[in-house]
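User: Please take a close look at the charged side chains of this protein, both those in pairs and those gathered on the surface. I would like one connected account that I can follow beside the model.

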Amino acid sequence: MAKAPVLTPRADDFPRWYQDLIAKAELADNGPVRGTMVIRPYGYGLWERMQAEMDARIKETGTQNAYFPLLIPQSYLAREADHVEGFAPELAVVTHGGGKELEEPAVVRPTSEMIVNDYFSKWVQSYRDLPLLINQWANVVRWELRPRLFLRTTEFLWQEGHTAHATYEDARDFAAHIHRRVYEDFMVNVLAMDVVPGRKTAAERFAGAINTLTLEGMMGDGKALQMATSHELGQNFAKAFNTSYLSKDGTQELVWQTSWGSTTRMIGALVMMHGDDNGLRVPPRLAQTQAVVLAIKDDEAVLAKVHEIGDRLRAAGVRVHVDDRVDTPFGRRAVDWELKGVPVRVEVGPRDLENGTAMLVRRIPGGKEPVSLDALAGLVPAILEEDQALLLTQSRERRESRTVEASTIEEAVEAAAAGRWARIPWAVLGKDGEAELGEHAVTVRCLVAEDGSVPEADDAPGNVAVVARAY
């Protein structure tokens with residue numbers, strides 16, 4: 001009788017496979033309140049690595065980290081009409097505190113534009129105070145009706161950047177810089193994810209923004225996932241909060257602003273873009289553990305050797321974990337590390353020591369082979385870079401092979417229903433066509449120029465709409 005698979009096969013039931021993997025790779029559990037989640041240590045370790053890589057890139061732009069309150073007076077949201085309308089259905093509102101009804105209800109932050117702008121209006125007085133570049137790492141709450149771990153949860157973790165500039169051009173260029181040099185660079189070079197940079201349509205734009213830049217990734221089932229966004233806010237919030245500065249010419253001017261964010265949704269993307277029927281496949285540059293060294297049996301010489309190998313790999317710059325839990329069956333431990341997607345396993349038993357070798361198992365391309373113990377420290381770093389590149393290649397090939405050119409709305413809908421993306425001229429689609437797509441649960445993920453670059457305007461000649469079903 002065939003042994004039951006550890007995970008539901010992706011081809012049989014992709015959503016069930018996703019839930020199985022989240023649980024069995026010990027990434028997260030559902031929280032006690034609907035839509036919340038408990039991020040387990042292995043999952044949180046992935047987020048910490050993402051934070052570290054992102055934070056370094058954010059700080060390279062001159063942005064500094066700060067923190068703003070979780071609770072926001074409800075009246076703040078009424079100051080920018082589009083913003084409050086966009087977030088109203090998702091708000092969690094606190095009406096009582098300390099056993100008494102509050103004089104003014106407080107909103108649990110869905111995003112921080114409002115409270116940030118209240119303080120920006122106090123901190124910005126002169127052109128010398130600009131640009132003001134602030135980021136915070138925090139949690140937010142948006143009441144979710146159809147929760148799914150990491151992808152859509154009522155509470156999630158993120159970073160949100162907020163900036164104020166003297167001119168429209170400065171704000172526009174900064175939003176674009178974050179989009180390409182922070183987000184896209186991180187996703188391509190660390191997460192090994194092929195993403196499409198583009199411009200959101202007016203219907204998909206962030207509430208209160210004049211332009212939203214996005215990065216869209218294709219998941220293993222062909223659906224799209226919005227990975228991160230960078231917004232030009234224009235002067236909408238500056239007008240609402242009278243955030244102004246004294247210019248060099250001695251005139252009082254409103255600032256121009258941006259906001260931008262990325263979330264723990266990236267962990268869900270990691271699962272769906274790189275995972276396979278055996279579990280996660282974590283890009284080596286992201287992995288908190290790049291190589292695990294396993295002792296196969298409870299043998300004194302074996303235990304000594306696995307720790308020695310661990311030390312050698314660490315000295316070679318590899319992030320290593322030594323698994324010497326010989327009271328747990330080796331097969332179970334090997335399956336657990338396979339599920340967790342650690343890029344390299346080095347397995348050592350008594351017979352390996354006799355031969356002067358270890359079994360090298362590669363998670364990303366698959367396969368195993370005996371390798372000389374003396375060669376490991378020189379070999380593993382090169383393998384990690386090979387496998388990093390392979391994941392990006394596979395991601396790009398998936399998107400390219402499953403993206404079709406469409407000339408009609410019907411062709412675009414048909415492609416999306418088949419788990420593909422479609423590219424259709426925006427001049428053919430337009431706002432009416434976008435609404436028609438919505439009737440089929442298909443959305444315009446972004447607009448791109450003919451050459452793949454980000455268009456400067458929604459209606460720029462030659463704009464192409466990338467359409468798909470999405471999470």
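Analyst: What follows goes through the salt bridges, then the surface patches, and ends with a covered helix. The model is a predicted one.

The salt bridges come to a count of 29. In general, side chains of opposite charge can pair when their charged atoms come close. One of the pairs here is Asp-277 with Arg-10, whose closest N and O atoms are 4.0 Å apart. Asp-277 sits in the loop between helix H8 (265–274) and strand E15 (291–295), while Arg-10 belongs to the segment before helix H1 (14–24), so this salt bridge ties together parts that are 267 residues apart in sequence. Asp-277 is partly exposed, because its relative accessibility is 40%. Arg-10 is also in the partly exposed class, with a relative accessible area of 27%.

Another salt bridge joins Arg-312 to Asp-374, with 3.8 Å between the closest N and O atoms. Arg-312 is in helix H9 (residues 300–315) and Asp-374 is in the loop between strand E19 (368–372) and helix H12 (376–401), so the pair links parts that are 62 residues apart in sequence. The two ends fall into separate classes of accessibility: Arg-312 is partly exposed at 37%, whereas Asp-374 counts as exposed at 66%. The cut-off for exposed is over 50%, so Asp-374 passes it.

The salt bridge between Arg-345 and Glu-338 has its closest N and O atoms 2.5 Å apart. Both Arg-345 and Glu-338 are buried, which means that each has under 20% relative accessible area. Salt bridges also link Arg-49, Glu-53, Arg-57 and Asp-185 into a network.

Now to the charges on the surface. Glu-410, Glu-411, Glu-414, Asp-432, Glu-436 and Glu-439 form a patch of negative charge there. Two helices, H13 (409–417) and H14 (426–438), each supply at least two of the patch residues. Helix H13 gives the most, with three residues. As background to such helical positions, an α-helix has 3.6 residues a turn, so residues three or four places apart point the same way. Glu-436 belongs to helix H14. With a relative accessibility of 31%, Glu-436 counts as partly exposed. Residues enter a patch at over 30% relative accessible area, so Glu-436 meets that cut-off.

For residues 409–471, an unreviewed UniProt entry lists "domain: Proline-tRNA ligase class II C-terminal". In the model, this span is 35% helix and 25% strand, and its end C-alpha atoms lie 21 Å apart.

A patch of another kind is nonpolar: Val-33, Trp-143 and Leu-145 make up about 320 Å² of surface. Trp-143 is placed in the loop between strand E7 (132–141) and strand E8 (155–165). The relative accessible area of Trp-143 is 43%, so this residue is partly exposed.

Helix H8, which precedes the loop that holds Asp-277, is mostly covered, with ten of its ten residues buried. Among them are the charged Arg-265 as well as Met-266, Ile-267, Leu-270 and Val-271. Gly-268, Ala-269, Met-272, Met-273 and His-274 are buried in H8 too. By contrast, Asp-277 in the loop after this helix is partly exposed at 40% relative accessibility.

Notes
Residues are numbered from 1 along each chain as its sequence is written. This is a predicted model: local features need pLDDT of at least 70, side-chain atom pairs count only at pLDDT 80 or more; totals for chains, interfaces and linings use all residues. Side-chain values use heavy atoms; hydrogens and water are left out. Patches are made of residues with over 30% relative accessible area and no salt bridge: like charges are joined within 9 Å, nonpolar side chains (Val, Leu, Ile, Met, Phe, Trp, Tyr) within 5 Å. Accessible areas come from the Shrake-Rupley method with a 1.4 Å probe; for residues, only the protein chains shown count as cover. A salt bridge is a side-chain nitrogen of Lys or Arg within 4 Å of a carboxyl oxygen of Asp or Glu. The place of a charge is taken as NZ of Lys, CZ of Arg, CG of Asp or CD of Glu. Helices (H or I, at least four residues) and strands (E, at least two) are DSSP runs, numbered from the N terminus. Buried means under 20% relative accessible area, exposed over 50%, partly exposed in between (1.4 Å probe, protein chains only). UniProt positions are given in the numbering used here, feature names are shortened, and annotations may be inferred rather than shown by experiment.
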